[in-house]
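Reader: Hello! I am new to this structure and would love a close look at a single part of it, with a walk outward from there. Could you take me through it step by step?

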Amino acid sequence: IPNVKQNTTYYVWVKDQAGNVNVSRTIKTQKVPDLTTANVKFTYNPSTWTNKEVVATAKATVGGYTLQTSKDNKTWTTINNQTFTVNGTIYARLIDSTNQTGGVATGNITNIDKTKPIITSVTATTNSIKLTATDEASGIIGYTVTTNNTTPSSFTSCTNTKTLNVTVGNKKQNTTYYVWV
């Protein structure tokens, strides 16, 4: 019998052709399950730091209901994923055929970093350049010094750090250098 309400007691009656009616039976419908860490899993693609978009996907292990997702916990779609261009929260819930819903589970997107590192100081001596830089999100992983202002394709690797302090030696006097982090 479709379109029954969740968490409601119903009385079931049957009548035969002769007019006999059974003694009623009662049954209580179940509540649409709440989603919890035990019955829903969130995955993120990519799952590492990125300055692009991230697709967050929810997968529930509870059957018999429709999975919905949202980016604002207000506007719901019947798809299992949402695309994020900035860090945020994916919301997931189950819904039955009468639009009754269970509790909401959330996943957090925290690996989008669109803020460039900041070079806080550059000091030149006769043959070296000292640079200091910071990055508040994914961290600095490389630096380079060039003699032209074309964005470089290779960097000297460094341990992932929020603050970089490095001196680059063997530089020519009276030369213009560009520092990249």
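Author: Let us begin with Asn111, which counts as buried because its relative accessibility is 9%, under the 20% cut-off. Please keep in mind that the model is predicted. If you follow the chain, you will find Asn111 in the loop between β8 (105–109) and β9 (118–124).

What does the side chain of Asn111 reach? It comes to the backbone oxygen of Thr48, at 2.7 Å. Thr48 is also one of the residues in contact with Asn111 once neighbours within four places in sequence are left aside; the others are Pro46, Ser47, Trp49, Thr50, Val54 and Asn87.

Two names in that list are worth following. Take Pro46 to start with: you can find this residue in the loop between β3 (40–45) and β4 (54–60). The peptide bond that joins Asn45 to Pro46 is cis, with omega at about 0°. So that you can place it, recall that Pro46 is in contact with the buried Asn111, whose relative accessibility is 9%.

The other name is Trp49, which touches Asn111 and is also touched by Ala137. Ala137 lies in the loop between β10 and β11 (140–146). Not counting residues up to four places away in sequence, Ala137 touches Asp113 and Lys162 as well as Trp49. Is Ala137 buried, partly exposed or exposed? With a relative accessible area of 25%, Ala137 is partly exposed, because that value falls between the 20% and 50% cut-offs. Ala137 and Ile112 are 25 residues apart in sequence, while their C-alpha atoms are 8.7 Å apart in space.

From the loop that holds Ala137, we can step to the strand β10 (residues 129–134). Six bridges join β10 to β13, and the two strands run antiparallel. One place to look is Thr134, which stands opposite Thr163 in β13. Strand β13 (residues 163–168) has two faces: Leu164, Val166 and Val168 make up the covered one, and Thr163, Asn165 and Thr167 the uncovered one. Thr163, the residue opposite Thr134, therefore belongs to the uncovered face of β13 by the accessibility rule.

Going on along the chain from β13, you come to the loop between β13 and β14 (178–180), where Asn174 is found. Phi of Asn174 is near 60°, a positive value in a residue other than glycine. Asn174 is exposed, because its relative accessible area is 83% and the cut-off for exposed is over 50%.

A positive phi also turns up at Asn73, at about 65°, although Asn73 is not a glycine. Asn73 has its place in the loop between β5 and β6 (81–84). With a relative accessible area of 37%, Asn73 counts as partly exposed.

That loop brings us to β5 itself. Strand β5 (residues 66–70) is mostly covered, with four of its five residues buried. β5 is joined to strand β7 (residues 88–95) by five bridges, and these strands run antiparallel. Ser70, for example, stands opposite Tyr91 in β7.

Within β5, have a look at Gln68. Gln68 is buried, with a relative accessible area of 9%. Which side chain does Gln68 meet in a polar contact? The partner is the side chain of Arg93, at 2.8 Å. Arg93 also appears among the contacts of Gln68, leaving aside neighbours within four places in sequence; the list further holds Trp76, Thr77, Thr78, Ile79, Tyr91, Ala92 and Ile95. Tyr91, in contact with Gln68, is the residue that stands opposite Ser70.

Two more spots round off the tour. Lys31 forms a salt bridge with Asp34, with the closest N and O atoms 2.7 Å apart. The count of salt bridges comes to one. Both partners are partly exposed: Lys31 has a relative accessibility of 40%, and Asp34 has 36%.

Finally, look for Tyr11, Trp13 and Val21, which form a nonpolar patch on the surface. Together they have about 380 Å² of accessible area. Tyr11 sits in strand β1 (residues 9–12) and is exposed, with a relative accessible area of 54%.

Methods:
Residues are numbered from 1 along each chain as its sequence is written. This is a predicted model: local features need pLDDT of at least 70, side-chain atom pairs count only at pLDDT 80 or more; totals for chains, interfaces and linings use all residues. Side-chain values use heavy atoms; hydrogens and water are left out. Buried means under 20% relative accessible area, exposed over 50%, partly exposed in between (1.4 Å probe, protein chains only). A polar contact is a pair of N or O atoms within 3.5 Å; within protein, one must be able to donate a hydrogen and the other to accept it, and residues adjacent in sequence count only if both atoms are side-chain atoms. Contact means heavy atoms within 4.5 Å. A salt bridge is a side-chain nitrogen of Lys or Arg within 4 Å of a carboxyl oxygen of Asp or Glu. Patches are made of residues with over 30% relative accessible area and no salt bridge: like charges are joined within 9 Å, nonpolar side chains (Val, Leu, Ile, Met, Phe, Trp, Tyr) within 5 Å. Accessible areas come from the Shrake-Rupley method with a 1.4 Å probe; for residues, only the protein chains shown count as cover. Two strands pair if DSSP finds at least two bridges between them.
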